[in-house]
Amino acid sequence: MEGQEAETQQKDDTSKRHTYPLIRNSDMHDEMRTEAMELCVTACEKFASNNEGAARMIKETLDKKFGPAWHVVVGEGYGFEITHEVKNILYMFFGGSQAILLWKCA
């Protein structure tokens with residue numbers, strides 16, 4: 001009976017993980033938000049086991065496309081309190097508990 005309970009628990013945990021981007025907070029214009037979100041998904045898929053690589057790819061791309069100075073945090077289980085330029089923040093989740101925070105601050 002214990003094996004069935006463990007299997008059921010594992011299925012429940014898996015069903016709670018979402019594979020689509022979930023935006024928690026953003027004040028970006030629609031077009032910029034869409035581009036940033038797609039970039040985050042691409043980077044997290046490309047660097048699935050390397051958060052630093054994903055963050056670097058996102059930052060370098062945003063710096064080139066929208067000008068410096070972008071800051072990026074990719075990971076799980078963190079809190080934050082930041083100052084950012086208006087219309088330049090995105091906080092989202094992807095692939096379950098993977099959080100991506102990006103903001104511009106000169």
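**View 1. Asp30 and its salt-bridge partner in helix H2.** At 52% relative accessibility, Asp30 counts as exposed, where exposed means over 50% relative accessible area, buried under 20%, and partly exposed in between (1.4 Å probe, protein chains only). Its partner Arg33 is partly exposed at 21%. The two side chains form a salt bridge of 2.4 Å, N to O, the term denoting a side-chain nitrogen of Lys or Arg within 4 Å of a carboxyl oxygen of Asp or Glu. Both residues lie in helix H2, 3 residues apart; helices (H or I, at least four residues) and strands (E, at least two) are DSSP runs, numbered from the N terminus.

The model is predicted: local features need pLDDT of at least 70, side-chain atom pairs count only at pLDDT 80 or more, and totals for chains, interfaces and linings use all residues. Residues are numbered from 1 along each chain as its sequence is written, and side-chain values use heavy atoms, without hydrogens and water.

**View 2. The salt bridge between Lys65 and Glu35.** The side chains meet at 3.1 Å, N to O. This pair links helix H3, which holds Lys65, to helix H2, which holds Glu35, across 30 residues. Glu35 is partly exposed, at 26%.

**View 3. Asp63 and Lys59 within helix H3.** The closest N and O atoms of this salt bridge are 2.5 Å apart. The residues are separated by 4 positions, about one turn of the helix.

**View 4. Cys44 without a disulfide.** Cys44 is buried, at 9%. Its sulfur lies 6.4 Å from that of Cys40, the closest cysteine sulfur, and is therefore too far for a bond; a disulfide requires sulfur atoms within 2.5 Å.
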